Amino acid sequence: MEAPGPDEADVILINTCGFINDAKEESIEHILLLLNRKKPCQKVLVFGCLAQRYMREMIEELPEVDGVFGVDSFKEIMDFLSLPDRNRDVSYRRLSYKEDGSSYAYLKIAEGCNRQCTFCIIPSIRGGLKSYAPERILEEAERLVREGVKEIILVAQDITSYGIDTGNYRLERLLRELASIEGDFWIRLLYLYPTMIDDALIETIAEVDKICKYLDIPIQHSEERILRLMGRPGSPELFRRLIKRLRQDIPGVVLRTTVIVGFPSESDEEFSRLLDFIKEMEFDRLGAFKYSPEEGTEACKIKEQIPEEKKQERFHEIMKAQAEISYRKNRDLLNRRFRILIDNVSEDLIAGRYYGQAPEIDGIVIIDNCMSGNIPFSGQSCSENKIKTGEFLDVRITDAYEYDLKAMLL
Ligand code: SF4
């Protein structure tokens with residue numbers, strides 16, 4: 001049975017991430033925090049990527065941890081805890097993650113990755129691509145919809161590779177079957193590999209109403225020399241063509257991308273061309289990361305590492321350019337009508353997202369007549385009125401900022 005919090009639990013399970021330095025630090029901080037509060041009768045188990053990568057070090061340096069497990073070690077953890085047989089079945093493992101009361105859930109459709117980006121440690125930790133069976137994914141999605149989830153966010157290291165390891169059942173078929181589940185909900189797609197977006201997928205996204213016209217396509221860089229050093233395909237020309245095609249074939253599509261600045265040997269000229277490319281393409285959303293050398297990766301061995309201050313400068317330049325683009329693009333939405341999904345209902349704030357805003361990474365739509373304790377809706381305060389988390393509402397955009405939007409209920 002799930003305990004209400006760590007203090008009441010008999011066993012504390014800590015899932016860790018070892019992808020980049022920030023995630024590693026966060027995982028370690030969390031482990032130390034929980035170890036400090038650990039009671040003598042409790043067991044603390046650590047698992048996941050970071051635990052797999054630094055298993056020996058963790059066992060040696062954190063003796064208070066009762067067990068260290070790698071990824072995919074559900075069964076070993078159950079054995080360690082000697083839970084009854086019915087709990088040992090690996091199929092108990094859920095493919096989705098959702099916070100209590102949230103209107104959205106993340107649904108994992110595959111594990112691992114067959115690619116070899118030179119900056120990335122994921123394939124060596126999580127192994128090659130393993131797509132989950134469509135029946136399992138559909139069953140999980142049906143359960144989520146039954147439980148009231150209104151947005152299912154499909155995730156994997158690269159969702160466009162879904163099914164290439166198992167046969168002909170590919171992402172577009174999965175999308176159509178997911179969309180045929182009865183109910184009023186959205187499907188959002190995160191992490192599409194740029195060179196894997198083909199005609200069939202574009203057609204499906206354009207045609208199926210339940211799919212948010214929002215695509216997160218990490219390009220990582222625009223320059224061919226850097227892309228090749230990263231072990232990734234693409235060129236400015238190829239990306240230009242892809243973006244033009246997506247905007248043409250999927251009306252209203254909102255595009256998000258990710259770039260890495262300060263990759264080893266990135267020259268001032270190459271960075272400046274990346275900046276020009278970002279300004280030219282005007283992605284609706286963009287996340288920039290400073291290159292972080294990860295032990296055990298090929299990129300880490302490249303001699304010409306970029307000094308931290310330079311990475312920081314480049315990061316700021318990109319983010320400043322994107323803030324201007326984002327502000328301009330948000331202003332273009334003024335007076336437009338959207339259907340929003342309500343995520344937050346509190347005493348003085350009601351907020352949601354339209355299809356072009358992914359939770360936790362993009363901005364939100366704030367209901368204008370519900371700000372700062374205003375008394376909306378026939379004299380009731382925001383939390384007293386009938387609006388609930390997980391509800392779809394029609395709004396008109398009334399104001400726009402760099403990231404967030406304000407709107408009036410219609
Ligand atoms: S596609 Fe993503 S997960 Fe796979 S190696 Fe490249 S960066 Fe890592």
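This passage describes a mixed sheet and the packing of helices in a predicted model. Local features require pLDDT of at least 70 and side-chain atom pairs pLDDT 80 or more, whereas totals for chains, interfaces and linings use all residues. Residues are numbered from 1 along each chain as its sequence is written, and side-chain values use heavy atoms, without hydrogens and water.

Seven strands form an open sheet of mixed pairing, in the order β4-β5-β8-β9-β10-β11-β12; strands (E, at least two residues) and helices (H or I, at least four) are DSSP runs numbered from the N terminus, and two strands pair if DSSP finds at least two bridges between them. The edge strands, β4 (96-97) and β12 (285-290), each pair on one side only. Helix α7 (residues 134-146) packs on the sheet and touches β4, β5 (104-108) and β8, contact meaning heavy atoms within 4.5 Å.

Strand β9 (residues 186-189) runs parallel to β8 (residues 151-155), joined by four bridges, with Ile153 opposite Arg188. Two bridges pair β9 with β10 (residues 211-216), also in the parallel sense, and Ile187 stands opposite Ile211. Trp186 and Arg188 point one way from β9, and Ile187 and Leu189 the other; all are buried (under 20% relative accessible area, 1.4 Å probe, protein chains only).

The axes of helices α11 (residues 236-249) and α12 (residues 268-281) come within 11 Å and cross at roughly 15 degrees; axes are lines fitted to C-alpha atoms over the stretch in contact, with angles from 0 to 180 degrees between N-to-C directions. Helix α11 is therefore roughly parallel to α12 (angles under 35 degrees). The contact comprises Pro236, Phe239, Arg240, Ile243 and Arg247 of α11 and Phe277, Glu280 and Met281 of α12.

Key: Parallel < 35°, antiparallel > 145°, perpendicular 65-115°, else oblique. Buried < 20%, exposed > 50% of the residue type's maximum accessible area, 1.4 Å probe, protein only.
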